[in-house]
Structures are given as C-alpha cells and as structure tokens.
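Student: Please pick one part of this structure and take me through it closely. Explain each term as you go.

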Amino acid sequence: MTNKEFDDRPLWSPRPEQIAATGMAAFTERARALSGLQLPDYDALHAWSVKHSTDFWREVWDFGGVIGERGARALIDGDRMPGAAWFPDARLNFAENLLRDSSNEQALVFRGEDKVKRSMTRAELRAEVARFAAALREAGVRPHDRVAAYMPNLPETLVAMLAAASLGATFTSASPDFGVQGVLDRFGQTEPRVLIACDGYWYNGKPIDVLGKLAELAPQLPSVERFVVVPYLAGDTAPELAGIRDAVAYADFLAPHAGETVPRYARLPFNHPLYVMYSSGTTGVPKCIVHGAGGTLLQHLKEHKLHADVREGDRLFYFTTCGWMMWNWLVSGLAAGATLMLYDGNPFVAVNGTEGAVLWDYAEQERITHFGTSAKYIETLGKSALRPAESHDLSALRAVLSTGSPLAPQGFDFVYESIKADVQLASISGGTDIVSCFVLGSPTLPVWRSEIQCRGLGMAVEVWDDEGRPVAGEKGELVCSKPFPSMPIGFWNDPDGAKYRAAYFERFDRVWCHGDFCEITAHGGLVIHGRSDATLNPGGVRIGTAEIYRQVEKLPEILESIVIGQDWPPQDPTDVRVVLFVRLREGVALDEALAARIKQAIRDNATPRHVPAKIVQVTDVPRTKSGKLVELAVRNVVHHRPVKNIEALANPEALALFDSRPELAS
C-alpha cells in the first residue's frame, strides 16, 4: 500500500450525539458493567469480546432479545476448530425470532423494477407463513427435510424460508437466472422435497419465462414431490402448469389452510440446520455449506443491531438475488425490528427515460435508512451521469453498505461526493462460508478512504504471514484464530468432514484461513487485496489483484478490468507474468499511449512489480451472479484448462474472449 492512496483525515466521522444514539454505544455500556473494564474505545471492546468470547456471545443473546432457552453452557470444546459447539443446551426457532412482535408493524416493501409494488405487515407475513407451513406439513415435510426456492427476491421467497424454518426444515435457494444445469448442480446434491419457483421474472423491462426450465428440471429432480409455482408474471392469472409434473399454483397450495394465521414453531437445538448455501467458485461443482439456526441468528443480530446500527422501524435495503448470501443476511433484519426493502430486477432499468435512478427513487420514496449494494454497482454508478445527492432526497439515509468485492478508493470518493456526505460507508467482507462478515463497519468509528472500518466483535480476526505469525501493516492471510458461532455445521455429503477441513483448516492447524489476502492498517481497519488463490506471484513476490484494480479503474477510459498470472515462460511453470485485460469505453481503443498511461499509473501508485507485462483489450469481463470477478476461471481458459461450475457466472460467454489470444503467445 502506498501513502498516495490515503488522505491524513477520515472521509466521515460520527458526531458525539450520533455515537450516543447507536446500539453499539448501548451494548458497550452493558459490556462495561459485565466486565468491570473501562473499554474506552472500539479496539478495547473488540479485545474483550475475543478474550471473553463466552461472556460476549451470552450478552449478544440477551441484547438481541433472542426468543428461546439459552441453557447454562455457552461453549464446549472451545479449543477445537473445527469441533467447538456453541450453546449446546439451547433451544430456539429461527422463524419465531424473525416474526417476533415489534412496534414496527410493516414487515416488507417489494418492488419488481417499475412493474410491481407490494407491501406486507408483520401480521400479514405471519399469517402467510402459517399457511405455507401448514401446506408443507401436509405435504409431508419434517425437520431436516429440504425446501428449495428457485425464485426472485419476492415476498413469497421469504414466506417459504420462514415456513420451512418454523417446521425445522432446511431452506436452500437459487435465483431464476440460473440455467437448468446450475440448478441441478445445487439442488441435485441437496435433494429438496418441495421446490417453490416462479413462472418468470422481469429484467430490464422484459418478461423472462421460467416455466420451460421448470418443465426440463422436474424429471431430473426426483426428490421433489411438489413444485409450487408463484405467478409473478401472470399476476392474478393462474400459470399454465400442465407440462410440469406434480406442480401446483401457489394460491392453490395454500388454499386448504386459509384458516391458519399463527405459525407453530418447533424449538430446536442451536445448531439445527437452517440453510444450505452454495459456493460460487468456478473450479468445480458448488460446495454445499450447511449453516445452523442459532449461529446465523446471533451473528446477524450482532451485525445488524451493533455494526450496522439497525434499529426498530429502520428500512433496510440490499440489492441482492436469492442466490447470494446477502439475501439471507438481509432478511434477518426482521429480528432487529426493521422493514425489509426488497427489490428484484435490473438496478439500471430505464424508468421514464432515466437509467440508473430506479433504486434511488425507491430510496427516496420509501425513506430507506440503510442502502446495501455491491462494489461493482457503486463503480458502475460512478461512471454514469447520475448523482443521487443532487437528484434525490436521501435525508433518511444513515448508512451505505458495500460488499461482493473490494471497494476501490474512487468508490469511497463517489459515495461521499455524489450520494451523501453525512453517511456511514461500511465496506464489509466475509462470505457464504460464514453467512456473515469477518470485517465490517461500526457507526462509532470514522471511515478512512479505502479501508474497512474494523474487525467484527467476537471474531478473532488476524493477518498472518506465510509462517503463521500475526502481522500489521503487512499483507498476509486473513485468519480467525478462535471459534465463532456462525462457522458452518459442515458440508453436505461430507460425513467425515474431510472436505470441510480441507477448505479452511489445512493452511494453519486449528485456525480458520479464509483465503483473503489483506492487511491491517494503522487505523485498525483492513484493506482486502484480493483472494489468496488469485494472488499473483511474479518473481516470488505476492501481489493482490485489488491493488492493480484500484489504479487501473481510476482511468476514465477503462470500464472494468481483470488481471491474472500467466505461467511464463511456458516451459517454466514456476514463474508467472502479470497479464491485464481491460474493457474500454465505447469508441476507445487500446493503443500504445493508453497502455503506457495504465502502466505508469500502476508503477506510480503501487510498485514496478505490479506493472503488467501484457495488456489486452476485451469486450466483456466474466463475473459471478453476485458480481465477483473470476480470475481463476480466466486463468484456466488462458492455460487451456477446463472451467467447471459455469452456471455460477452471470455472463459465461465472456470466457471465450480469453481463449487462445495471440497477444499472449509471446
């Protein structure tokens, strides 16, 4: 990291009265009373939460008002990782905690582009969940059975999840833009008993049919006994289901249970399986990661009520599909008393002739307090003409949340210059692996350009060098050296845990190694430099890909880029050269002058070792459906190796642009 990237003062600092009003401040007072310590700042609170983790997580349970029996023990086998067990005597139900009473009676608002607008009260949501749960029960669904959703971010998706959780069934989901093989790669492994799907969805103003894919899927998913179809495109018209075996319209599935208005909640052990989630990597079929109800609930309560400062009555938005873990994170906001702001469709759909304003119209009209999105969205918005600070009333907005990939310095600048000056910008990072965050924001801390604000409370996050020594101010591996409640229960169909251990615990003994290349800053924040498995290593020097992206994408000619290490020379696979692919603005061509400017920007602001040996122009850059760059997939194509799990990509056709490029032959 170079000092050129960072100013000597923060982009934003909370005022004393803002700090005093936060959940973090209230929790700190409770922690002081419990510990007898002064805990003068966030670092002290974090240190206490890690050293006295059982006290900390008990206090999160109480502060979050968890409904259930906590039991006497907070942790057993705490020296085992994996193998530690949190709250082994506890009994709770995830859905009961999300559907709790609240002074905020509005449960959700939904918008499907500019086509559909709906809302539900908590009472209406509870009643719908009760009916769906009764229908599942009648269909034979029991605890540990799987209920799957092949759905957009609709209210019915939330209903299905809560209904399954109320019974103790395990919920799993994929977004409807997945093709047939992508769905089979996921649900074919987890074998759901009931699958809820839509007839189609809206994207960029156009209807996209799903019934054809359902008809193709049905015979290949023999475990599914009932396909429940939501008429999203059809509206009040019943969808045509004749070509889909064992299919029933959503309304008909619920109709026999119209009298049900109150869900029946099964109180289950802390680690009862709540979700099966899927890795989005492109190096093999997706890993099926199983998450427990108690750990997910505690982590999300902590992150919402403390780190994001979500309060009762707040209006929580995250732009996400149901195939990304941020959907699971978003919906837990109900437990904090928030109203969920759901959106499905293209975030840049043109409405009344204006592109890019649809989400900000939503934010203004619905008084959104927390606006969550991907770093890619902020980057794209920054290269458009829209400036929400000038075009929209965002006076209710208190926090902007960003994840999916590292947020570049210019992304930080754009938020404060063009969205809102007085707002907490919380860049967050964790993942599907823990259905939560390792590093994230705090409403009591300043925001420094390019930095994630802090390590999560209760998370023993450190940065280690190759020898397993903690370092600060140096790049290394992000690790978590102590157990935490939202560690996965395990992987699906991994009876001896070998795949689970190999994924996180092979690098360092009994320490979670997350696979992020990062550093702890002088402010106590963190900078993510990219995935460790995509880290470049020219001449034996490790370089994070994000360090290159930060420089390249400052240039106005460049819309996006992707960088890999190419084995070079081919006969010596022990070394690599840095290859940068760039997608340029329309009408711009890569010439020697632009290539020289790109190299100079990287050399001046990073190091000479970051400078690419080759720069190649492409017309598209492949990403996952959640917006993450897929350096490994591109690297495999360049080296003529197979790419698996193609269905994880939003634009798999882009991979062909990297195959057999003549520029890389010499």
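Tutor: What follows is a look at one sheet, with a note on confidence beforehand. This is a predicted model, in which local features need pLDDT of at least 70 and side-chain atom pairs count only at pLDDT 80 or more, while totals for chains, interfaces and linings use all residues. Residues are numbered from 1 along each chain as its sequence is written, and side-chain values use heavy atoms, with hydrogens and water left out.

The protein chain has a mean pLDDT (the predictor's confidence in each residue, from 0 to 100) of 94, and 97% of its residues reach 70 or more. Residues 1–5 stay under 50; the model gives them 16 contacts beyond four places in sequence, contact meaning heavy atoms within 4.5 Å. Where pLDDT is low, the coordinates should not be read in detail.

Now the sheet. Helices (H or I, at least four residues) and strands (E, at least two) are DSSP runs, numbered from the N terminus. Two strands pair if DSSP finds at least two bridges between them. Seven strands, in the order E6-E5-E18-E17-E19-E20-E21, form an open sheet with mixed pairing. The edges are E6 (116–121) and E21 (424–427); each has a single partner strand, so one side of each is left without a neighbour in the sheet. From one strand to the next, the twist averages 15°.

Within the sheet, E17 (residues 315–318) pairs with E18 (residues 339–344) in the parallel sense over 3 bridges. Here Arg315 stands opposite Thr339 in E18.

Helix H16 (residues 409–419) lies across E20 (399–403) and E21, and runs at about 155° to E21. Axes are lines fitted to C-alpha atoms, for helices over the stretch in contact, and angles run from 0 to 180 degrees between N-to-C directions.
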